[in-house]
Amino acid sequence: MDLSDYAEKYTGIRFTREDGVLEMTLHTRGGPALWGTSRTSLHAELGEAFADLARDAQNKVVVLTGTGDSFLAGADPQERFDEPDMADMWRRIHEEGLALLQNLLAVPVPMIAAVNGPALIHAELAVLADIVLAAPHAEFADLAHVPQGAVPGDGVHVVWPMLLGPNRGRYFLLTGERIGAEEALRLGMVGEVVPADRLLDRAREHARRLATHSAPMLRHTRSLLVRELRRRMFDELGSGLAHEGLAILLGR
């Protein structure tokens, strides 16, 4: 696998690479990234994209960021599921949900998230990175599940109680709480709060520093750092998605 095999493959992800540092920028039709459920949405594309870049031996570090002043803050009104009914749709969503987080955690090199603004939908994509940097106006929330009447079972039930602690994690998921960048720094969710106009430069500084090390060192370090996350996700993601899907189907 080479960058040329996947650089133009995805409608909502831009890839560039320099000196082993792969930048992965989320967008929707060239603007800030929005979340959807169609077969061409980020939900459909990201799991496969993580698998592609994981197979590219030239990648030594991955930088994940968004477009404009938003990381991933809202739903895309143009991206709705296109199956004939909810049951058919959920079969696909279940498969994509497994691939999304399992393939992210299977990326074999260090990942850096440059959170360039609000991450209100699937904010776990950012905080699962090894180094998390945030712009001052960034916020973190899970507005796609309980606030919308959905079970938070697609991995957020694993990530947030681990990151925030059992009680604060449950509060976060059940209330739709928004955590600002400075509070996220205090809680240990992010490593640095960086002015927005320096955020990507700072992410690149970290990436270039890491990329000076050998590929085996980087890959074995990443393997150790995500071992527990991968185990928990393997144990709990499938059942969480099943609960989410069952509640949707029973609540119709």
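Counting ring pairs in this predicted model gives 3 aromatic pairs. One of them joins Tyr 6 and Phe 15, which meet edge-to-face, with 5.1 Å from centre to centre and 90 degrees between the planes. Add Tyr 10 and you have one aromatic cluster made of Tyr 6, Tyr 10 and Phe 15.

How exposed are these rings, and how does Ser 223 look? Here are the values for three residues.

| Residue | Relative accessible area | Class |
|---|---|---|
| Tyr 6 | 0% | buried |
| Phe 15 | 9% | buried |
| Ser 223 | 35% | partly exposed |

Phe 15 counts as buried because its 9% falls under the 20% cut-off. Ser 223, at 35%, is partly exposed, since that class runs between 20% and 50%.

Now for the company Phe 15 keeps. Beyond its neighbours within four places in sequence, Phe 15 touches Leu 3, Tyr 6, Ala 7, Tyr 10, Leu 22, Glu 23, Met 24, Ala 49 and Leu 53.

Phe 15 also turns up among the residues with the most contacts inside the largest nonpolar core, along with Leu 46, Val 115, Phe 140 and Trp 160; that core has 61 residues. Helix H3 (residues 86–106) supplies the largest share of this core, 7 residues. Apart from it sits another core of 14 residues, including Val 63, Leu 133, Leu 199 and Ala 203. As a rule, nonpolar side chains in soluble globular proteins tend to be buried together.

Back to Ser 223: this residue is part of helix H9 (residues 215–225). Ser 223 and Ala 247 are 24 residues apart along the chain, and their C-alpha atoms are separated by 34 Å.

Note on methods
Residues are numbered from 1 along each chain as its sequence is written. This is a predicted model: local features need pLDDT of at least 70, side-chain atom pairs count only at pLDDT 80 or more; totals for chains, interfaces and linings use all residues. Side-chain values use heavy atoms; hydrogens and water are left out. A nonpolar core is a set of buried Ala, Val, Leu, Ile, Met, Phe, Trp, Tyr and Cys residues joined through side-chain atoms within 4.5 Å. Buried means under 20% relative accessible area, exposed over 50%, partly exposed in between (1.4 Å probe, protein chains only). Helices (H or I, at least four residues) and strands (E, at least two) are DSSP runs, numbered from the N terminus. Contact means heavy atoms within 4.5 Å. Rings of Phe, Tyr and Trp (its six-membered ring) pair if their centres lie within 6.5 Å; planes under 30 degrees apart count as stacked, over 60 as edge-to-face and the rest as tilted.
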